[in-house]
Amino acid sequence: ISNHDALVSHAVSAAEPIALAIEDDTETTASLKRQLQWAESEVMAQPKSAAAYTDRGMARFALGHIEESLTDFDQAIQHDQTVRPQLWQRGISLYY
């Protein structure tokens, strides 16, 4: 499973904040932190990529970093307006 697919999998199951649901699951938390590190390196390598910001936003949301995820989703829209309708994750972040 790719890092992107793993992020999507975590974000899709966001009926409640994932970070709250996994407080006691150190293995999952460690995995999410590795995914965040990967997403941060993706943003550094491709600073104008909407996909990179979306991936980092999903990783941040999964870890409970809601405000930071909103910033990333906004950056994704800034870099590519065509992703705006696809950023349902931003709406979930606003909910929390």
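A nonpolar core is a set of buried Ala, Val, Leu, Ile, Met, Phe, Trp, Tyr and Cys residues joined through side-chain atoms within 4.5 Å. In this predicted model, the largest such core has 10 residues. The chain around it has six helices and zero strands, and 43% of its 96 residues count as buried. Welcome to the structure; here is a short tour by topic.

**The chain as a whole**

- Read from the N terminus, the elements follow the order α-α-α-α-α-α.
- Among contacts with a separation of 6 or more, 50% are made by residues 24 or more positions apart.
- About 5600 Å² of the chain is exposed, and carbon and sulfur atoms supply 51% of that area.

**The nonpolar cores**

- In soluble globular proteins, nonpolar side chains tend to be buried together.
- Here the largest core brings together Val43, Ala50, Ala52, Tyr53, Met58, Phe73, Ala76, Ile77, Val83 and Leu87.
- Two elements give two or more residues each to this core: helix H4 (50-62) and helix H5 (66-79).
- H4 provides the largest share, four residues.
- A second, separate core has five residues, including Leu36, Ala59, Ala62 and Leu63.
- Phenylalanine 73, a member of the largest core, is a good residue to look up in the viewer. Leaving aside residues up to four places away in sequence, Phe73 touches Thr54, Gly57, Met58, Leu87, Gln89, Arg90 and Ser93.

**Helix H3, side by side**

- Helix H3 covers residues 26-45, and its 20 residues should span 28 Å at 1.5 Å a residue; the end C-alpha atoms are indeed 28 Å apart.
- The buried residues of H3 are Thr28, Leu32, Gln35, Leu36, Ala39, Glu42 and Val43.
- These buried residues cover an arc of only 120° around the axis, which puts them on the same side of H3.
- Turned away from that buried side, the other face of H3 carries the exposed residues Thr26, Glu27, Arg34, Gln37, Met44 and Ala45.
- An α-helix has 3.6 residues a turn, so residues three or four places apart point the same way.

**Helix H5 and its neighbours**

- H5 has 14 residues and reaches 20 Å from its first C-alpha to its last, close to the 20 Å expected at 1.5 Å a residue.
- Buried in H5 are Ile66, Ser69, Leu70, Asp72, Phe73, Ala76 and Ile77.
- Seen down the axis, the buried residues of H5 fall within an arc of 165°, so they line one face of the helix.
- The buried residues of H5 pack against H4 and helix H6 (88-95), while the face turned away from the buried side carries the exposed residues Glu67 and Gln78.

**Salt bridges**

- The whole structure holds three salt bridges.
- Aspartate 72 pairs with arginine 56, with their closest N and O atoms 2.7 Å apart. This pair links helix H5 to helix H4 across 16 residues.
- Aspartate 72 also forms a salt bridge with arginine 60, at 3.0 Å between the closest N and O atoms. Arginine 60 lies in H4 and aspartate 72 in H5, so this pair ties together parts that are 12 residues apart in sequence.
- Arginine 60 is buried, with a relative accessible area of 16%, and aspartate 72 is buried at 1%.
- Aspartate 74 and arginine 90 meet in a salt bridge of 2.4 Å, N to O. Aspartate 74 lies in H5 and arginine 90 in H6, so the pair ties together parts 16 residues apart in sequence.
- Aspartate 74 is partly exposed at 33% relative accessible area, and arginine 90 is partly exposed at 24%.
- Shared partners join Arg56, Arg60 and Asp72 into one network of salt bridges.

Key. Residues are numbered from 1 along each chain as its sequence is written. This is a predicted model: local features need pLDDT of at least 70, side-chain atom pairs count only at pLDDT 80 or more; totals for chains, interfaces and linings use all residues. Side-chain values use heavy atoms; hydrogens and water are left out. Buried means under 20% relative accessible area, exposed over 50%, partly exposed in between (1.4 Å probe, protein chains only). Contact means heavy atoms within 4.5 Å. Accessible areas come from the Shrake-Rupley method with a 1.4 Å probe; for residues, only the protein chains shown count as cover. The expected span of a helix is 1.5 Å times one less than its number of residues. The arc is that of the directions from the helix axis to the C-beta atoms. A salt bridge is a side-chain nitrogen of Lys or Arg within 4 Å of a carboxyl oxygen of Asp or Glu.
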